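Student: Hey, could you walk me through this one?
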There are 2 protein chains.
Amino acid sequence: MTLETRTPRILDGTATAKAIRREVAEGCVELLRERGVTPGLTVVLIGDDPASAIYVGGKEKAATAAGIASKVVRLPGDAGEARVLETVAALNADPAVHGVLVQLPLPGDVDAHRVIEAIDPRKDVDGFHPVNAGRLATGLPGGFVPCTPAGIVELLRRHDIPLAGRHAVVLGRSNIVGKPMALLLLAENCTVTVCHSRTADLPRVAAGADLLVAAVGRRAMVTAEFVKPGAVVVDVGIHRVEDEVTCRDLYGDDPKRLAALRNRGATLVGDVHPLQVRERASWITPVPGGVGPLTIAMLLANTLTAARRAAGVG
Amino acid sequence: MTLETRTPRILDGTATAKAIRREVAEGCVELLRERGVTPGLTVVLIGDDPASAIYVGGKEKAATAAGIASKVVRLPGDAGEARVLETVAALNADPAVHGVLVQLPLPGDVDAHRVIEAIDPRKDVDGFHPVNAGRLATGLPGGFVPCTPAGIVELLRRHDIPLAGRHAVVLGRSNIVGKPMALLLLAENCTVTVCHSRTADLPRVAAGADLLVAAVGRRAMVTAEFVKPGAVVVDVGIHRVEDEVTCRDLYGDDPKRLAALRNRGATLVGDVHPLQVRERASWITPVPGGVGPLTIAMLLANTLTAARRAAGVG
């Protein structure tokens with residue numbers, strides 16, 4: 001028997017996101033032509049967290065490029081919950097706004113649950129409102145699914161990865177990724193296991209997966225022992241790598257990563273250890289260029305859906 | 001090494017349900033004394049399905065015994081969806097009614113989803129409304145959890161079965177049992193796997209469970225090979241056994257079962273094969289007297305909770 005070093009195939013999130021964004025753009029043109037409606041997305045940004053500002057900027061730019069009327073409502077960090085709720089109420093009432101998104105995290109004195117529940121479920125393009133979580137959980141149509149897990153299903157579907165009857169293991173149980181991911185994969189007829197920080201013998205459970213989704217938020221935690229040979233591995237994490245020793249541990253002598261480290265001071269890695277998992281997986285998502293671009297693409301798709309529903313189309 | 005024939009311990013649903021019903025009765029007395037409020041439960045029964053009539057009768061009797069003001073609104077099988085929705089709207093508006101339950105299944109021309117969504121979520125003591133499903137899925141308080149899985153968690157808790165870190169496998173993915181069961185066990189820090197008709201190699205996956213919940217609706221499908229030695233096995237199924245050959249296969253020479261068959265023409269069995277699983281499990285739920293009694297007990301508990309919330313208590 002010969003030991004082969006295999007190279008897994010790449011689940012290309014950048015290309016898939018581009019295709020989705022193009023479809024959304026076409027849908028916007030069609031909705032404008034047929035109903036005179038331009039989808040509107042408004043993001044509420046509270047405070048001056050630099051990471052949030054970058055995320056919101058990315059959403060605004062992508063929305064505009066797709067033909068969505070994009071606005072950002074900026075509130076000061078000390079605006080307080082009442083003012084946030086008033087802002088949401090005004091957006092709920094505005095017929096030109098089809099999607100409302102409050103950028104998380106919120107300042108400490110603003111209750112995220114109350115803010116999310118204040119958003120009209122028909123405009124909740126993040127899919128975080130309990131009504132939409134309930135529609136997903138119970139299989140009812142007409143809701144919105146959180147963008148990251150929805151994007152992962154699109155990514156797998158567009159790469160013809162079979163799901164029915166496969167054993168999916170989801171590492172992480174957040175409301176934003178882990179739980180909706182599990183429910184979506186269950187609806188795709190996967191056998192689904194959800195793991196978390198309290199899971200006993202995590203590597204062994206993960207190694208049962210045909211499809212492994214890592215959303216643990218810990219850098220390169222998913223090592224070779226977590227991965228069954230031939231598994232499809234989806235990496236939701238994103239972390240900075242700023243030193244060469246770590247970079248070489250994760251990427252070996254990859255010249256592109258070492259150049260990024262030298263030129264920009266950092267490269268990126270996910271929850272999956274790339275060098276170790278590369279030799280086992282049949283398909284992997286790269287970081288960057290895997291799951292990341294899909295989240296924004298699905299946000300645009302949800303906004304178009306909201307506008308189409310408001311216009312009584314489809 | 002000696003082969004021992006072990007006898008599993010019994011998860012006594014009858015006794016647990018009795019304890020819960022007594023606590024509900026005490027809560028009703030307290031609510032009346034402190035707020036002058038008697039919890040009210042109204043069940044809407046459509047058509048003349050004999051099984052539904054029996055279930056509704058059982059609910060009415062148990063509610064009355066606990067001190068809940070119980071009513072049944074009977075509609076003819078051909079009432080139609082509009083009339084069912086009108087009935088629900090009237091109950092939503094009635095301040096004396098704290099819990100509203102529409103007995104399933106519904107006649108073919110009445111859409112169950114629309115009827116369930118019409119119930120005020122604050123009165124949805126079955127926990128089937130998408131808002132309540134979403135609260136369960138996202139861990140928000142203030143909702144209602146479907147009675148059967150909620151009862152199973154109570155049963156395990158009151159028998160001091162540890163859950164955190166254990167691997168639970170749920171067989172079945174219905175909105176009434178499988179999915180809410182999985183979400184509840186996840187909230188109890190179990191690692192949770194959901195299996196269904198499309199699961200490959202079901203016995204092997206089930207045999208990974210420390211806690212196995214069978215809700216497949218197939219008589220005695222869970223045989224020895226599904227059960228890891230020492231597992232806790234919860235049986236949600238209930239099926240009639242009407243012939244002696246099957247009875248002996250399931251229960252051996254158990255004189256009580258054979259007597260039931262002779263005297264009443266039938267005995268009962270669940271989704272679990274009792275004779276085969278008895279030799280492996282550490283704990284099992286009997287059928288009858290396991291999960292069944294808990295469903296009604298939790299319905300009463302949910303009704304008391306609804307009345308307490310309406311009265312602004314706790």
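Tutor: Sure, let's go through domains, core and helix packing.

Tutor: This is a predicted model, where local features need pLDDT of at least 70, side-chain atom pairs count only at pLDDT 80 or more, and totals for chains, interfaces and linings use all residues. Residues are numbered from 1 along each chain as its sequence is written, chains are lettered from A and ligands numbered from 1 in the order in which they are written, and side-chain values use heavy atoms, leaving out hydrogens and water.

Student: Cool. Which domains does chain A have?

Tutor: Domain 1 covers 35-120 and domain 2 covers 146-294, with bounds from an automatic or database domain assignment. Their C-alpha centres are 29 Å apart.

Student: New topic: what does L185(A) touch, leaving aside its neighbours within four places in sequence?

Tutor: Its contacts (heavy atoms within 4.5 Å) include L163(A), V170(A) and L211(A).

Student: And helix 1 of chain A, how does it cross helix 6 of chain A?

Tutor: Helix 1 (residues 13-35) and helix 6 (residues 147-158) of chain A cross at roughly 105°, their axes coming within 10 Å. Axes are lines fitted to C-alpha atoms, for helices over the stretch in contact, and angles run from 0 to 180 degrees between N-to-C directions. Helices (H or I, at least four residues) are DSSP runs, numbered from the N terminus. So helix 1 of chain A is roughly perpendicular to helix 6 of chain A (65 to 115 degrees).

Student: Which residues make that contact?

Tutor: G13(A), T16(A), A19(A), I20(A) and E23(A) of helix 1 meet E154(A), L155(A) and R158(A) of helix 6 in chain A.

Note on methods: Helices (H or I, at least four residues) and strands (E, at least two) are DSSP runs, numbered from the N terminus. Angles under 35 degrees count as roughly parallel, over 145 as roughly antiparallel, 65 to 115 as roughly perpendicular and the rest as oblique.
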